[in-house]
Amino acid sequence: MRRLRLRGWSAKSAFWMVAAAAAAAAAIWFTTGWLLDTTNQAMDKDAHVNGTDRAKVRVQAVRTGLAAGAGAGAAVGLMLAFRRQAHQEYDASEQRVTTLYNAAAEQLGSDKAPVRLTALYTLERLAIDNARHRQTIVNIICAYLRMPPPTDETTTPDPREERQVRLTAQRLLAAHLRPDDVGQAGYWAQPAPITLDLTGATLIDFDLSNCTLGNILLSKATFTGDARFGDATFNRGADFDGAAFTSQANFDGATFTNDAHFGKATFNRRAHFDRATFTSHANFDGATFTGGTRFSGATFNRGADFDGAAFTSQANFRNAAFHRSANFRGATFTGDVLFIDAAFTYNGNFRGATFTGDTAFNDATFTSDARFGSTTFAGDARFSGATFNRDAIFGFATFNRDASFSDATFANKGSFGNATFNQDANFRGATFTGDAGFDRTTFTGTADFDRATLSSSVLLGNARLGDVGHSHVFPAGWRIESTEGTAGRLVQDPPPPDPSAGE
């Protein structure tokens, strides 16, 4: 189709010309018709009105209609003029923004640090004054931070100067994602959340604490110096897969409203997630925690995956709440582990995990299945006062030091078949409402079931004792039978004779 042109005017301009003409014609027609109709009715009632008078009235009505049409056309023309002026002002503003943006982007490539700093502050001013360009400006700052920093002091730019430029870029991003610091006028997360793409970036003393963030991409990023995300809010996805935290990482009080990915991330110093809230899925599969790790009081509303994670120092999950599946399959805990008062609403799966230090699940609550099959406890294992509302599975688990389940409650099946207790096994005061299974369990140290309550069947057949000379206490109906040397086994006493059988 051939594009419409009117003496160099665009089709849009032609449309407004036609609209003005139509408005003028409508004004003329309506005004003239209304005046003629009104005056004719008045003249019909006056017997002294002659043809000349009627003609004069008609001429005057036409003049008035033409004047109204001219006024309507002028109004449309004035509106068109205002509209054209607004477009011209907008185009001029956009041209100014584009010019400044291009200049700043070019200055970021300068080998002089003051020039690069000037470019950053220019971009900041542009983002403050032009909300619709904020994401684009943030993208260029993030792209700068993704560039590998110089490492040799003999190269250009100077690494010491470049460090200051990068710290400035980081501070600019953080400052405008904290509404309390800059007020609503300087808050860049409005009208739309800001995406930070810092994939693979090297960040120095990175601080986004108390920030409100949109989508944040930090996979394979390297954090040199402390990384601070305390009380930050991640409104969209948070991707830290493969990130390396060379110093402390602080996520205390952070809120993740969407998926949080920390798969294969490396924390070389302390990692703190105290009181953090994970509204959606939290993935720490294969992560390495070298320093002390804290998830005390953390809340996991969806799945929490720590499969294959390695904790080489203390891991503290005291008072943590897992409202869906908690998976620690194959995880390695080298230091002490605290799950005291932790709550597992859905399955808690520690199958195949290794606990080298002391482990404490005291007063923890497992509302659904607790799976510790084939788990190794090299240090003391304490489950005193724990509550298992569904199946508690410890089959083939190995307890190399003392294991305490005193005053624990097993509301359903408690399964310890083929488990090995190399030192003392303490079940004093434990309550087994369902089946208690200890078939082929090995007790090398003392086994103590004093004051234990067993309401259903007890399976201790073929349980083996390392030393029959220990002060073992087993449930009624079971006795120790020596086998070879100091070893022994448990056998069940025959039931007492029924007195009524001889009657």
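What share of the 503 residues in the protein chain is buried? Buried residues make up 42% of the chain, and since this is a predicted model, every stop on the tour below describes a prediction.

**The whole chain**

Begin with the entire protein chain selected and coloured by secondary structure, which comes to six helices and 51 strands. Among the contacts between residues at least 6 apart in sequence, 21% join residues at least 24 apart.

**Helix α5**

Next, select residues 159–175, which form helix α5. At 1.5 Å a residue, the 17 residues of this helix should span 24 Å, and the C-alpha atoms at its ends are indeed 24 Å apart, so the expected and modelled spans agree. At the start of α5, show the side chain of aspartate 158, where a side-chain oxygen reaches to within 2.8 Å of the backbone nitrogen of arginine 160.

Now colour the buried residues of α5, which include Pro159, Val165, Leu167, Leu172 and Ala174, and among which are also Glu162 and Arg166. To see what covers these buried residues, add the elements α3 (113–129), α4 (134–146), β1 (196–197) and β2 (202–204), which are included in the cover.

**Where α4 meets α5**

Keep α4 and α5 on screen and hide the rest for a moment. Two packed helices are described by the angle between their axes and the distance between the axes. Here α4 and α5 pack at an angle of about 145°, with their axes 10 Å apart, and α4 passes α5 in a left-handed crossing. On the α4 side, the contact is made by Val138, Ile141, Cys142, Tyr144 and Leu145, while α5 contributes Glu162, Val165, Arg166, Ala169, Gln170 and Leu173. The residues of this contact divide into eight nonpolar, one polar and two charged.

**Isoleucine 137**

Stay with helix α4 and select isoleucine 137, which has its place there. Is this residue buried or exposed? Isoleucine 137 is buried, because its relative accessible area is 1%, which falls under the 20% limit for a buried residue. Not counting residues up to four places away in sequence, isoleucine 137 touches Tyr101, Leu123, Leu126 and Ala127. If you draw a distance from isoleucine 137 to leucine 123, C-alpha to C-alpha, you should find 6.4 Å, although the two are 14 residues apart in sequence.

**Glycine 286**

Move on to glycine 286, which lies in the loop between β16 (282–283) and β17 (288–289). With a relative accessible area of 28%, glycine 286 is partly exposed. Leaving out residues up to four places away in sequence, glycine 286 touches Lys264, Asp307, Gly308 and Ala309.

**Serine 368**

Select serine 368, in the loop between β31 (365–366) and β32 (370–371). Serine 368 is buried, with a relative accessible area of 10%. Which side chain is joined to that of serine 368 by a polar contact of 2.9 Å? The partner is asparagine 347, which is also one of the residues that serine 368 touches, together with others including Phe344, Tyr346 and Arg390.

**Threonine 442**

Finish in strand β45 (residues 442–443), where threonine 442 is found. Threonine 442 is buried, with a relative accessible area of 16%. Display its side chain together with that of arginine 464, since the two side chains make a polar contact of 3.3 Å. Apart from neighbours within four places in sequence, threonine 442 is in contact with Ala419, Thr420, Phe421 and Arg464.

Terms used
Residues are numbered from 1 along each chain as its sequence is written. This is a predicted model: local features need pLDDT of at least 70, side-chain atom pairs count only at pLDDT 80 or more; totals for chains, interfaces and linings use all residues. Side-chain values use heavy atoms; hydrogens and water are left out. Helices (H or I, at least four residues) and strands (E, at least two) are DSSP runs, numbered from the N terminus. The expected span of a helix is 1.5 Å times one less than its number of residues. Buried means under 20% relative accessible area, exposed over 50%, partly exposed in between (1.4 Å probe, protein chains only). Contact means heavy atoms within 4.5 Å. A polar contact is a pair of N or O atoms within 3.5 Å; within protein, one must be able to donate a hydrogen and the other to accept it, and residues adjacent in sequence count only if both atoms are side-chain atoms. Axes are lines fitted to C-alpha atoms, for helices over the stretch in contact, and angles run from 0 to 180 degrees between N-to-C directions. A crossing is left-handed if the near helix is turned anticlockwise from the far one by less than a right angle, and right-handed if clockwise. Ala, Val, Leu, Ile, Met, Phe, Trp, Tyr, Cys and Pro count as nonpolar, Asp, Glu, Lys and Arg as charged, and the others, Gly among them, as polar.
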